[in-house]
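Subject: Structure handover, cavities and ring contacts

Hello,

Here is the structure for you to take over. My notes come after it.

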Amino acid sequence: MNLLRRTAFPLLLLVLHAFCSAAQTKVTIPIETAQNALVLQTDQDKHLSIIYFGKKLAQASEYDLVSAQSRQRDGNAGIYNSAYTPAGSWSISEPALQVTHADGNKSTDLVYVNHQTTREGDNVVVTSIQLKDPAYAVEVTLFYKTYSRENVVEQWSLIKSAEKGEITLNKYASANLYFPGKDFYLTHYNGTWAREMNPEEEQLTAGIRVLDSKLGTRANLFQPPSFQLSFDNPATETEGKVLLGTLAWSGNFRMDFEVDSYHNLRLIAGINNYASEYPLGPGKDFKTPSFIYTFSENGKGEASRNLHNWARKYRILDGEGSRLTLLNNWEATYFDFNEEKLSGLFKDGKKLGVDLFLLDDGWFANKYPRNDDRAGLGDWQENVKKLPHGIGYLVKEAKNAGIKFGIWVEPEMVNPKSELYEKHPDWVIRQPQRPEHYMRNQLPLDLSNPEVQNFVFGILDKLFTENPDIAYIKWDCNAITFNAHSAYLEKNKQKQSQLYVDYVRGLYKVLEKLRAKYPKVPMMLCSGGGGRVDYEALKYFTEFWPSDNTDPLERVFMQWEYSYFFPALTQSAHVTDWGKQPLKFRTDVAMMGKLGYDIVVSHLNEKDLQFSQQSVATYNAIKDVVWHGDLYRLIDPKKNDFASLLFATKNKDRAIVLSYLVSNRNGAGSDMAVRLQGLDAGKKYKVKELNLYPDSKSPVREDQVYSGDFLMTAGFNPVVNARRASVILEILEIK
C-alpha cells in the first residue's frame with residue numbers, strides 16, 4: 001500500500017504539472033467588433049481552434065469557460081473546429097489548405113507560432129496569426145481585419161513556402177469558420193442572363209453543401225459569391241441570428257458548408273480550386289482574396305445596414321460621394337447611329353435634366369465594323385463612317401449641349417472577326433487543338449499575359465489622353481471562359497492551372513494602374529448584367545449593372561435581393577421601355593437605386609416628358625437619402641401583393657418610402673398600414689407624396705402631424721393599388 005502511494009503521488013504531480021503547463025501555454029485570441037466576437041484558442045498541441053462565435057461577452061475572461069465546456073462535450077473538438085484546417089494529417093474534415101510538398105508528400109499540419117494586433121485608427125484593427133507546419137517549411141498567416149462600429153470582419157490568408165523546391169497549393173481558402181448551433185438555414189442565389197438573384201432558402205443537413213463557380217471571366221452568371229446564413233431559425237428582417245457573407249473575388253469561387261456529426265457547421269470560403277492548382281516556388285507567397293462578413297442577432301435588416309455602412313466608407317470607390325444620372329443610347333439606337341443622331345440625343349439628355357450622356361456599344365472598328373455583336377470587338381478605333389470626326393467631336397458636342405459624355409468599352413474581349421484576333425491569336429484564351437466555343441460571338445483575351453494587360457490599359461488610357469473630358473466609363477464583360485488555355489503560360493513554361501487565378505490578378509493590375517492615373521472618373525461595372533459583382537471589383541468601380549433585364553416588375557425583386565449586400569448608390573437602375581407598366585412605375589422603381597434612362601426622349605408625349613423632367617428633379621432632391629441613408633425593408637414582395645422599403649437619414653430627420661404593386665390580382669395592394677422603421681419615436685413628422693404624375697392627386701394629407709412612435713407602431717398606409725401602382729413618400733421632421 002505504501003509502495004502504491006509512493007509511486008502514485010509523483011505520478012499525480014506529473015499529471016498536474018503537465019495540465020498546468022498546458023493551461024499556461026494556452027493562447028486565447030479574441031477577434032471583436034462593437035457587438036460581436038470570434039474567439040480562437042490554442043490547445044495542448046498548439047493547434048488553433050475556434051471556441052466561440054456570436055455576441056461579444058462583457059467579460060473576455062469567460063471565453064475560456066466556453067472552451068472548457070466544449071472539451072467536456074467532445075474531447076476531439078479540435079478535429080472539427082480548426083481555425084484553418086489542413087489536409088492529410090490529423091483532420092478528417094474538408095480542408096481549408098491542401099498542399100503537395102516539394103518531395104511529393106501531401107500531408108500538412110499547422111501549429112501556432114505567434115500573433116500580433118495592429119490598430120488602424122479608432123475603428124479598424126488587424127489581427128494576424130502565424131501558423132507553421134512543424135515538418136515542412138510552409139507557413140500560413142491568418143488575417144482578421146475588424147471594423148468595430150460596422151460589425152464587419154474582413155478575413156484572408158497568406159501562404160508562404162521556404163521549401164527548396166516548388167510546392168503546389170491544391171486548395172487555399174480565404175476563411176475557415178466554425179459555428180456551434182442547433183439548426184442552420186442557408187439563403188443562396190441562382191439565375192442566368194436577365195434572371196439574376198433568385199433566392200432559395202434551405203435547411204442545411206449532414207454533409208457538405210457547395211456554392212461555386214467555374215465560369216472564369218463572368219463568374220457570377222449562375223450564382224453570386226454572396227449568401228445569408230441564419231442560426232436556429234430562419235431570420236426575418238428584424239429578428240433572428242444571421243450572418244451575411246461575400247467573397248471579394250472576380251473569378252471562380254467556392255464555399256463549403258459542412259454540417260458535422262455533432263450538428264455544428266463549418267464554413268470554408270475562397271477561390272475555387274477547380275483546375276486551379278497553384279505552384280509556389282521557394283521564398284514565394286500567395287495572398288488569398290478577402291472573405292467579408294457581418295453578424296447580427298437582430299435580423300437581416302441590421303446585418304445589411306452594417307454591410308452598407310462598411311462598404312460606403314471603406315470599400316466602394318467614392319462610396320460616400322455622389323453619382324451621375326445619365327441617358328444611355330443603347331435601347332434608343334442599338335448599333336445604328338451616327339454623329340447627327342447622337343447630337344440630337346445629347347440635346348434630349350439636357351432637356352430631360354440628366355447629368356451625362358452614355359454612348360454604348362457600336363462606335364468602333366473599321367476593317368470589321370462593329371454594326372452588330374459578330375465583329376469588331378478588340379479594334380478600338382472610331383468607326384469612320386459612323387463617327388467621321390471621332391470621339392473628340394462628340395465630347396465637344398455634348399459639352400456644347402450642356403451635358404457630360406461617357407462611353408462603353410469591353411476591353412477584355414475579342415471577336416474572331418477582328419484585326420486584333422488576326423494579329424494576335426496568341427493573346428486569346430483558346431485551346432489550340434479544339435474548336436472555338438463562343439458566347440455572344442466572342443472570346444476572352446488572356447490577362448495573365450502582361451502584353452495583354454498593357455493593351456487593355458492602353459484602350460482606356462488612349463481614350464482619356466485624347467479626350468480628357470470623358471466623364472464616365474461603362475466597362476462590360478459579356479462572355480465566360482470556354483476551352484481555358486493560355487499561350488503565354490505555355491510559352492513561359494508555367495502551368496495552365498494558373499490561368500483562372502492569374503487572369504483575375506491581371507485584371508486587377510490593369511484596374512490598379514488605371515485608377516492610379518485616373519482616380520476619380522466614375523465607372524460602371526457591367527457584365528451582361530450581374531455577371532461580375534463583388535467587393536474587390538468595387539474598389540475600382542462606382543456602381544454596377546444588376547441585370548440586362550430592365551422590366552421594372554422584375555427589377556423590384558432583383559434590386560431587393562441585391563440590397564442585402566450592396567447599398568443603393570451602387571445599383572444602376574434605368575428607366576426603359578421594357579415591361580408593360582406605366583412610365584411612373586418604371587421611373588419610381590429606378591429611384592430605388594442610381595437613376596438612369598435608356599429611352600427615346602423625343603418619343604415621349606407632353607405629359608410623359610413633363611413627368612420625366614419632374615422625376616429627375618425629384619430624384620436630385622432625395623438621392624442623398626437613398627444613396628447614404630439607412631435601408632429598412634418593410635414589406636417583402638415575395639410574400640405580399642406589394643413591396644415597401646424606406647431609406648432614413650442617420651439623424652432620423654428625413655425618410656423616403658418607396659412602395660410598388662407586384663400583384664395583378666383583384667384587390668391587390670396595401671389594405672392596411674405599413675409600420676415604418678428608422679425614425680425617432682420622440683420626433684414629429686409630416687408625410688408628403690412625391691413624384692405624382694401630372695394632373696393626379698394624392699390621398700395623403702400633408703397637414704397631418706404624426707409622432708415617430710405612431711408611424712412605427714400604428715404605421716401609415718401608402719395606398720398602393722391598381723390605380724396607384726407605385727408610391728413615393730417623404731417623411732420629414734417638423735423642427
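The notes below cover ring contacts and then cavities.

This is a predicted model, with local features needing pLDDT of at least 70, side-chain atom pairs counting only at pLDDT 80 or more, and totals for chains, interfaces and linings using all residues. Residues are numbered from 1 along each chain as its sequence is written, and side-chain values use heavy atoms, without hydrogens and water.

There are 40 aromatic pairs (rings of Phe, Tyr and Trp, the last by its six-membered ring, with centres within 6.5 Å; planes under 30 degrees apart are stacked, over 60 edge-to-face, the rest tilted). Tyr147 and Trp310 make an edge-to-face pair, at 5.9 Å centre to centre and 70 degrees between the planes. The two are 163 residues apart, Tyr147 in strand β7 and Trp310 in helix α4 (helices, H or I of at least four residues, and strands, E of at least two, are DSSP runs numbered from the N terminus). Tyr147 is buried at 3% relative accessibility and Trp310 at 0% (buried is under 20% relative accessible area, with a 1.4 Å probe and protein chains only). Both belong to a cluster linked by ring pairs, with Tyr314, Tyr535, Phe544, Tyr562 and Phe566.

Tyr562 also lies among the residues nearest the centre of the largest cavity, which has 14 lining residues (a cavity is a set of points on a 1 Å grid over the protein atoms alone where a 1.4 Å probe fits but cannot get out; lining residues have an atom within 4 Å of a point). Its volume is about 100 Å³ (the space filled by probe spheres set on the points, which are joined across faces, edges and corners).

Regards

Notes. On a 1 Å grid over the protein atoms alone, a cavity is a set of points where a 1.4 Å probe fits but cannot get out, and a pocket is an open set with protein on both sides within 12 Å along at least five of seven lines; lining residues have an atom within 4 Å of a point. Buried means under 20% relative accessible area, exposed over 50%, partly exposed in between (1.4 Å probe, protein chains only).
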